[in-house]
Amino acid sequence: MSKNSAPRDASGPLAIGVDIGGTKVAAGVVDCQGRILASARRPTEGHNPRGVERTILELVTELSADHRVAPGTGAARIASVGVGAAGWIDLAGGTVLFSPHLAWRNEPLRANLEQLLERPVALSNDADAAAWAEWKFGAGRGESRMVCITLGTGIGGAVVMDGQVERGRFGVAGEFGHQIIMPGGNRCECGNRGCWEQYASGNALGREARELAQANSPVAQELLRAVDGVPAEITGAVVTELARGGDPTSIELMKDIGSWLGLGLANLAAALDPGRFVIGGGLSEAGELLLAPTRRAFRRHLTGRGFRPEAEITIAELGPDAGLIGAADLSRQPAS
């Protein structure tokens, strides 16, 4: 567990945000300006739903201890709790229909947590929560229609339109990583072939680099040195770091990912017409090494290019804290 604290801000109601990922549960006390005043985390018990719930209870209890009463009022300082979960959430915001990395199948998570925490809980998809945070406090500020793309193991996504997270008819909008951009292409974990995340994610970047290294290509020597000659240890994060350090092969691989990313964004622009794309996740740390080829491919594939306004493409600002910040703030929003 790690815990850190920042100076408290007594103005406005505080909320606790919880971000449940495949490997960790992160939580934080968040003020009305999106600032994290205290935070803590635990490993995720991915195959044990009750264990995840107990972990959330421990984190909320721990973080609430230092924020029990608003000075001079006698009122509880923690006004609400929001939870962002990696999975499909039903439209009512109560049930995790499915999670690819956690043992949730039609899990009534909100009711379970409300019973444990003895207070109301707002439940949202983790990508929706991160997008909300970027729209309100980060790189999406001032844009009425924003699409957030998270590049990690796969590709996550969410849309904020006119001050609302767009969740679709059944609550599972934003699965952009599973648009098919290469019919008959690489097999995806979802069961289809040719999904976007098979070509523009951290996993895709690592896979392409490993194939070069396994072939003992002369251009892969820096990649092999970075992992002590073990190709299986090459990940998207390794390639990203080498690209930032100037390795030509890693930069070239990043350009390939950017080309696929730009193609997918052009498809989304044709369907959704946002004013801004915000790119987050681990690969976004490459900055312009990723964005420059992305923008070139976006313009090349954009429908009506040259005769229509183009959406901005920018890097997310809030980093890995976006999910818990957004979950906390969504818990303060009136039910729609």
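This briefing describes one open sheet, the helices that pack on it and the nonpolar cores. The model is predicted. The sheet has 5 strands in the order E12-E11-E10-E13-E14, and its pairing is mixed. Helix H8 (residues 248–272) lies across E10, E11, E13 and E14, and H8 also gives the largest nonpolar core its largest share of residues, 9.

**Sheet layout**

- The two edge strands are E12 (164–165) and E14 (312–315), each of which pairs on one side only.
- Strand E10 (residues 145–151) is mostly covered, with 5 of its 7 residues buried.
- In the strand order, E10 stands between E11 and E13.

**Pairing of E10 with E11**

- Strands E10 and E11 (residues 155–161) run antiparallel and are joined by 7 bridges.
- The connection from E10 to E11 is a hairpin through 3 residues.
- Within this pair, valine 147 has valine 159 of E11 as its bridge partner.

**Pairing of E13 with E10 and E14**

- On the other side of E10, strand E13 (residues 276–280) runs parallel to E10, with 5 bridges between them.
- Cysteine 148 is placed opposite valine 278 of E13.
- Strand E13 is also parallel to E14, to which 4 bridges join E13.
- Valine 278 stands opposite threonine 314 in E14, so that this residue of E13 faces cysteine 148 in one pairing and threonine 314 in the other.

**Helices on the sheet**

- Helix H8 crosses four strands, E10, E11, E13 and E14, and runs at about 150° to E10.
- Helix H9 (residues 288–301) also packs on the sheet, where it touches E10, E13 and E14.
- The direction of H9 makes about 165° with that of E14.

**Nonpolar cores**

- The largest nonpolar core has 42 residues, of which Ile149, Trp196, Leu265, Phe277 and Phe298 touch the most other members.
- Helix H8 supplies 9 residues to this core, the largest share.
- Leucine 265 touches Ile149, Trp196, Phe277, Ile279, Thr294, Phe298 and Ile313, leaving aside residues up to four places away in sequence.
- A second core, separate from the largest one, holds 28 residues, including Ile16, Leu63, Leu102 and Leu109.
- In soluble globular proteins, nonpolar side chains tend to be buried together.

Conventions:
Residues are numbered from 1 along each chain as its sequence is written. This is a predicted model: local features need pLDDT of at least 70, side-chain atom pairs count only at pLDDT 80 or more; totals for chains, interfaces and linings use all residues. Side-chain values use heavy atoms; hydrogens and water are left out. Buried means under 20% relative accessible area, exposed over 50%, partly exposed in between (1.4 Å probe, protein chains only). Two strands pair if DSSP finds at least two bridges between them. A nonpolar core is a set of buried Ala, Val, Leu, Ile, Met, Phe, Trp, Tyr and Cys residues joined through side-chain atoms within 4.5 Å. Contact means heavy atoms within 4.5 Å. Axes are lines fitted to C-alpha atoms, for helices over the stretch in contact, and angles run from 0 to 180 degrees between N-to-C directions.
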